[in-house]
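Me: I am new to this structure and should like to understand the terms used to describe it. Please explain the reasoning behind each one.

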Amino acid sequence: MGTFGTLALASMEERLPWFRRMPADQRSWVGLVAQAGIAAFVEWFKNAETTQPAIASEVFGTAPRELLRSIKLKHTIDIIRVIIDVVEERLDELAAPGGEHQLREAILRYTRDVAFGAAQVYAQAAETRAAWDARLEALVVNAVLRGEVDDGMHSWAAALGWTAKPVSVVAGYTSPEEEPEVTIDQMQRAARRARVDVLAGVQGRRVIVIVGGAEEPMEAARPIAAKCGPGPVVVGPVVPDLYGSSVSAQAALAGLRAAAGWPDAPRPVSAADLLPERALDGDESARRHLVEQVYEPMCNAGAPLLDTLTTYLEQGSSLEATARLMFVHPNTVRYRLRRVTELTGLSPTDGRHAFTLRLALVLGRFAERRPGS
C-alpha cells in the first residue's frame, strides 16, 4: 500500500499541474487520502466485496477540513483517475493467477463508489457553507437595520465576498405563497443576471436587500422588485459604501411604511419620491429634508419667490389669477416658478411636485415658529 501511494503521488506530480503548485503539507494530505483509499479497497476486496465501503469516513475522513477548500471536486476526480491508472498498470502484480478480470471489475466498482463518496462529501460541505453564509448574511442585514455598521460587520460582509460600491437598500414584502428562502434565492439569481451584488434578509413579511455596484439603482431594483410579493417596493438613496447603508435602509423602510399614502406609486419607487408621505407619517429625516432642501433655499432667495409659490398653489395653479393678485405680469410669475424648480428640483406645475412643495411650505413655517407660540 505504501508503494502504491508513493507511485500515485509521483504520477500526480507528473500529470497534474495544479498538484505541483500545492504546498508540501497539502500534497502530503493528498498522499494520505490516496493511501487510505488503497487500504480501504484492499480491506473491502479481502472481505469478498460483501460489504458496502464506508467511503466518506474511511477515505476522506483522513483529510483535514482545510483540504476541501484547497481542492475542488474536479481535482478530486483527477486524483481518482490517477490512482486508478497506477493500480491498473500494476494489476498483474496484485491479482492472483487468473484473477485479473475479477480484480479489474472490483476496482471499477470501488472507484465508482469513491467518486459518489467524494460528491457526497463536497455536497455536505456546500450545504454547511450555504447555511453558514445565510446566517452571516442575515447578521449583516440586521446590523445595517440597527445602524450598527462597524468594522466587525464589514468583516462579515467581506467573508461573503462583498466588495461592491456604491450601495443602496431595497425594501419590499415577501410573497405569502413562497418560503422566504426561495424569495431570497430568486433575488440573488436576478441580481447575478443584472451584474450587481446583493445581501438579503427577511424580517417577518419584510424583505430587505442591500444592493451594491449598481450604476442605476432604480434599474437594478426592477428585477428584485419582480421577485417581491404584492405591495410597494421602495429604493433608498445611494450611499458610497456599507458604512452609510443604514441611512439608505432607514429611508427605504420609512418609505415602505408610508407608501400606503400613494396607492398609484410606481414599483419600485424611490424613497425620495415618497418624501411627503414619509413626512406626514412622522419621519423626521423626511421633514428635515423638506425644510432644509426645499423650503430654506426658496426662503433664502427672497420673499417674492415664496409669496408667488404660495399664491400660485392657493389659486389652483393658475398663472393669470396669481399675476392679478400679486399685481405682476404673468411672465414674472413664470420666471419665479422656474426659479423654484431650479432651487428645489420640483416643478410647481406638476401635480405631484406641487403637493411636495405645499407640504414643504407648511413644515418650513412650523420650523420658524417661536418656542411657545
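The following exchange concerns a predicted model.

Me: Why is Cys228 called buried or exposed?

Reply: Buried means under 20% relative accessible area. Cys228 has 10% relative accessibility, and therefore counts as buried.

Me: What makes Cys299 buried, exposed or partly exposed?

Reply: The partly exposed class lies between the cut-offs of 20% and 50%. Cys299 stands at 30% relative accessibility, so the term for Cys299 is partly exposed.

Me: How many disulfides does the structure hold?

Reply: The structure holds 0 disulfides. A disulfide would require a pair of cysteine sulfur atoms within 2.5 Å.

Me: Which residues have the most contacts inside the largest nonpolar core?

Reply: They are Met153, Trp162, Ile208 and Ile210, in a core of 29 residues. Among the elements that give two or more residues to this core are helix 8 (100–146), strand 3 (206–212) and helix 12 (245–258). Another core lies apart from it, with 27 residues, including Phe19 and Tyr110.

Me: Which residues does Ile210 touch?

Reply: Leaving aside residues up to four places away in sequence, the contacts of Ile210 include Val140, Trp162, Val169 and Leu242.

Me: Why do strand 2 (197–203) and strand 5 (269–270) stand at the edges?

Reply: The open sheet has 5 strands in the order 2-3-1-4-5, with mixed pairing. Strand 2 and strand 5 each have a single partner strand, so one side of each is left without a neighbour in the sheet.

Me: What joins strand 1 to strand 3?

Reply: Strand 1 and strand 3 run antiparallel and are joined by 7 bridges. Ser168 stands opposite Val211 in strand 3. Helix 12 packs on the sheet, and its direction makes about 25° with that of strand 1.

How values were computed. Residues numbered from 1 in each chain as written. Predicted model: local features only at pLDDT ≥ 70, side-chain atom pairs only at ≥ 80, totals over all residues. Heavy atoms only, no water. Core = buried A, V, L, I, M, F, W, Y, C linked by side-chain atoms within 4.5 Å. Buried < 20%, exposed > 50% of the residue type's maximum accessible area, 1.4 Å probe, protein only. Helix = DSSP H or I, 4+ residues; strand = E, 2+ residues; numbered from the N terminus. Contact = heavy atoms within 4.5 Å. Pairing = 2+ DSSP bridges. Axes fitted to C-alpha atoms, helices over the stretch in contact; angles between N-to-C directions.
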